[in-house]
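Colleague: I would like a close look at one part of this model. Please take me through it slowly, and explain your terms as you go.

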Amino acid sequence: IAAAPPTTKHGELRVYKLDVETRARKHIAAGKKRGIIQGETGSGKSANIAHMARLCLDKQRRCLILADRRRLITQMGGMLNTFEVPFGVIMAGETRHTHYPCIVASKDTIASWGKRDFDMPDPFDLIMTDEAHRGMAESYQRLYKWWPNAVSVGFTATPARADGKFLSDYFQWLECMVPSSQLIAEGWLIKPEVYVPLELAKARKNGKRPKNLCGDPVSHWKLHAFGLPTIA
């Protein structure tokens, strides 16, 4: 749970976020143009994306930000506004300002443009992908091939795939921001209290993975969180 906004003040990143960008730039300077920045949920990865977009535009370069859900695109637009980055949008029903040097795009919409011979935007110098663990999918890989000379940086909290594909088949480096323990210690995240049903704890201790629901959610909620705002 985020306890504070992702910037220390308007358009200024926290120290650990500047640090991970510095480490990423070293890889890029060494010729490794495709990598992943891992950040815990709530660490503020979108602020890094917006900050890097700002730096890209300051150098008169072009950048593309890819996401696969409307909610993520809308949230990214808000963060770009925070960093005073003018941007265009490519998304069904929302497309506008496609001549801008920074574009936030639905990967499905921009992919469909390529299939239907629409006028594609000018080549990009930097491509940033939200939820980059999905970046090995054919749809993303096809997009990356359209701009082979661009630097490609992905952002995710979980740099792994359930289907067994290696992210290293495309991405060349991985840099982590900071562990959740540090974010909690510095007050950026709230420390969670975790309760586990006894039968589940015993099963895990014995190396088993129960297939059914463990415990009784209603009675346990009444015991530990009765009357508190709750998400199920």
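Where is the place of H51?

Modeller: H51 is in helix α2. Elements here are DSSP runs numbered from the N terminus: helices are H or I of at least four residues, strands are E of at least two. First, the ground rules. This is a predicted model: local features need pLDDT of at least 70, side-chain atom pairs count only at pLDDT 80 or more, and totals for chains, interfaces and linings use all residues. Residues are numbered from 1 along each chain as its sequence is written, and side-chain values use heavy atoms, with hydrogens and water left out.

Start with H51 itself. H51 counts as buried because its relative accessible area is 14% (buried is under 20%, exposed over 50%, partly exposed in between, with a 1.4 Å probe and protein chains only). Leaving aside residues up to four places away in sequence, H51 touches L13, L18, E21 and F83; contact means heavy atoms within 4.5 Å.

S46 is also in α2. S46 is partly exposed, at a relative accessible area of 26%. With the sequence neighbours up to four places away set aside, S46 touches M76 and M79.

Those two methionines belong to the contact of α2 with α3. Two packed helices are described by the angle between their axes and the distance between the axes. Here the axes of α2 and α3 come within 9 Å and cross at roughly 55°. Axes are lines fitted to C-alpha atoms, for helices over the stretch in contact, and angles run from 0 to 180 degrees between N-to-C directions. So α2 is oblique to α3 (under 35 degrees is roughly parallel, over 145 roughly antiparallel, 65 to 115 roughly perpendicular, the rest oblique). The crossing is right-handed: the near helix is turned clockwise from the far one by less than a right angle, where anticlockwise would be left-handed. From α2 come S46, A47, I49, A50 and A53; from α3 come M76, M79 and L80. That contact divides into 7 nonpolar residues, 1 polar and no charged. Ala, Val, Leu, Ile, Met, Phe, Trp, Tyr, Cys and Pro count as nonpolar, Asp, Glu, Lys and Arg as charged, and the others, Gly among them, as polar.

Now the sheet beneath the question. Helix α2 (residues 45-58) lies across β4 (63-67), β6 (102-106), β7 (126-130) and β8 (151-156), at about 160° to β8. Helix α3 (residues 70-82) lies across β4, β6 and β7, at about 165° to β6. The strands belong to an open sheet of 7, ordered β5-β6-β4-β7-β8-β3-β9, with parallel pairing. Its edge strands are β5 (88-90) and β9 (173-176), each paired on one side only. The twist averages 20° from one strand to the next.

Strand β4 is shared by both helices' lists. It pairs with β6 in the parallel sense over 5 bridges; two strands pair if DSSP finds at least two bridges between them. L66 of β4 stands opposite A105 in β6. On the β7 side, 4 bridges join β4 to β7, also in parallel, and I65 stands opposite M128. β4 is mostly covered, with 5 of its 5 residues buried. In a regular strand the side chains alternate between the two faces of the sheet. In β4, C63, I65 and A67 point one way, and L64 and L66 the other.
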